[in-house]
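Q: I'd like to learn how to read a model like this one, feature by feature. Can we go through it together?

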Amino acid sequence: MNQPERRPGNGRPGLVRARERKGLTQEEAAELIGVAVTTWARWERGEQKMRPAYRVRIARAWQVPVEEVERWLAVTHPLVESVPEVDVNGLAAGCCAESAGRLWRWEIDTSRRQLLAALPFTPTVLGEWLVSWSFDPHAPVSSEAGNVRVGMSDVRAIQEAHEAFTRMDHQFGAGLVRPAVIDFLVSKVAPLLRGRADDDVRTELFTAASQMTRLAGWMAFDLSRHGQAQQHLGQALKLAKQAEDGLTGAWALATLAQQACDLGQRRWAIRLASAAVEAAGKAGAPSQVMAELLVRQARALAVPADTDGDRRDAHTIGEVGRLLTKAETAFARDTAGRGPFWKDSFDEAEMAAEAGYCWQLVSEHQRAVAHTERALEGFGADFPRSTQFNQIHAARSYLELGELDRALDYARQAVPATGTLASARARTLMDDFSHRLKPYRSNRHVREFEDYRHSQQPS
């Protein structure tokens, strides 16, 4: 891979951050790789190219893929280099608040927002986050020396805003709501994180900030901005760790797992979902929360691997079924008791929808449509995106079962919402189903469906 010369002053901050995460000085890094310290310094300043042999040597020494080293060396616009790398490795609370505020401020800067939106998903950081979440010591949340005095009323205001934004996200899709979420984080939450508060209030404040940041990440995911989503989800995990809140951390981990599922990163999806279940269990999560996380674990296991045969083997199907049964048992228990306010969003319809999608992923389409149709009966008018997703899921399973007319009926029902929802995932689902209709293009009903679909697309 050719590396153009860098303009002086730009440097390679990715390489610098990688070295610092290893706790190495420039001299130590140079000795480890077998070069002069002046050579290493020129690499970091972007003044000298790195030969392929040294890239391989760094990858082996630091146990990372060569592609990751290439990313550290990539030539980009200076603004790209200023995008933060979320790192949950035992940072002090003040640093945590500052890194969160910096990420949110960059979201309202037009040029930086565009660069954030273009960031790629980076699987290699997930291992570091998981290790840090599980094993790094907790850094206590201390009060800052700001002028703003923070109370529980401020925390409740963030929670209420979170609930309102979540409802709007369900109704309209992330594209319409996300700018308001970012504005709220910058104008309301960031000043509070710099404020003065009692220890118990400050812990609750970091939890609320984590939940709102997770929502910003979730919305970026809904818009298929996966690197941007990962930045916010990592920051949410970091804030949850500072608050020592296992339930909120589990929620962030489960969202990262869902993103990994959708991107086909099966191994990472399984690890993240398992970590979420473990964190929730340690935190004494109520059964309803455990049910949701167990379903996410089943989804991760159901994600296709490199070959179709792997996802259809009896062992995988059996394990998915075992997790779903365990989730259904947990969901059926009495759910009264301590738990996060967001647990109430996981109801019977959502449970059925998640199970249906898991069965679809392992090609158990008869089971999939049974659950999906039950979910559709439960979703109300306030959940058009969930309805659209499940209509497409039902359409796909019926298509796999050879019932073309029923598949087209469900897909036709999903067309209006596809055009009105500000959700890239909703459009992608419909496009994928349309692609699966290619073998049936000569069918009159298929042609009529495609004509209808195109007539409903926004002009």
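Q: Let's start with a single residue: is R267 buried or exposed?
A: Exposed. This is a predicted model, by the way, and its R267 has a relative accessibility of 54%, so R267 falls in the exposed class, which begins over 50%. R267 sits in helix α15, residues 266-282.

Q: How far is R267 from A300, in sequence and in space?
A: Along the chain, 33 residues separate R267 and A300, while their C-alpha atoms are 8.2 Å apart.

Q: Zooming out, what secondary structure does the protein chain have?
A: Helices and no strands: the count is 24 helices and zero strands. Of the 459 residues in the chain, 52% are buried. As for contacts between residues at least 6 apart in sequence, 73% join residues at least 24 apart.

Q: With helices everywhere, how do I read one? Which residues of α2 are buried?
A: General idea to begin with: an α-helix has 3.6 residues a turn, so residues three or four places apart point the same way. Now the case here: helix α2 spans residues 26-33, and its buried residues are A29, A30 and I33. Looking down the axis of α2, these buried residues fall within an arc of 100°, so they line one face of the helix.

Q: And what covers the buried residues of α2?
A: The cover includes α1 (13-21), α3 (37-45) and α4 (52-62).

Q: What follows α2?
A: G34 does, and its phi is positive, near 90°.

Q: Where does phi turn positive in a residue other than glycine?
A: Some background: most residues other than glycine have a negative phi. S224 goes the other way, with phi near 60°. S224 is in the loop between α12 and α13 (226-243), and at 35% relative accessibility S224 counts as partly exposed. E244 also has a positive phi, near 55°. You'll find E244 in the loop between α13 and α14 (246-262). With a relative accessible area of 59%, E244 is exposed.

Q: How do I describe a pair of packed helices? At what angle do α10 and α12 cross?
A: Two packed helices are described by the angle between their axes and the distance between the axes. Take α10 (residues 152-172) and α12 (residues 199-222): their axes come within 9 Å and cross at roughly 15°. An angle under 35 degrees counts as roughly parallel, so that is the label for α10 and α12. Their crossing is left-handed.

Q: Which residues make that contact?
A: On the α10 side, they include V155, I158, A161 and F165. On the α12 side, L205, A208, M212, L215 and W218 are among them. By class, the residues of the contact of α10 with α12 come to 12 nonpolar, three polar and three charged.

Q: How do α20 and α21 cross?
A: Helix α20 (residues 365-378) and helix α21 (residues 384-400) have axes that come within 9 Å, crossing at roughly 155°. That makes α20 roughly antiparallel to α21, and the crossing is left-handed. From α20, the contact residues include H365, A368, V369 and L376; from α21, N390, H393, A394 and Y398 are among them.

Q: How many nonpolar, polar and charged residues does the contact of α20 with α21 have?
A: Six nonpolar, seven polar and two charged.

Key
Residues are numbered from 1 along each chain as its sequence is written. This is a predicted model: local features need pLDDT of at least 70, side-chain atom pairs count only at pLDDT 80 or more; totals for chains, interfaces and linings use all residues. Side-chain values use heavy atoms; hydrogens and water are left out. Buried means under 20% relative accessible area, exposed over 50%, partly exposed in between (1.4 Å probe, protein chains only). Helices (H or I, at least four residues) and strands (E, at least two) are DSSP runs, numbered from the N terminus. The arc is that of the directions from the helix axis to the C-beta atoms. Contact means heavy atoms within 4.5 Å. Axes are lines fitted to C-alpha atoms, for helices over the stretch in contact, and angles run from 0 to 180 degrees between N-to-C directions. Angles under 35 degrees count as roughly parallel, over 145 as roughly antiparallel, 65 to 115 as roughly perpendicular and the rest as oblique. A crossing is left-handed if the near helix is turned anticlockwise from the far one by less than a right angle, and right-handed if clockwise. Ala, Val, Leu, Ile, Met, Phe, Trp, Tyr, Cys and Pro count as nonpolar, Asp, Glu, Lys and Arg as charged, and the others, Gly among them, as polar.
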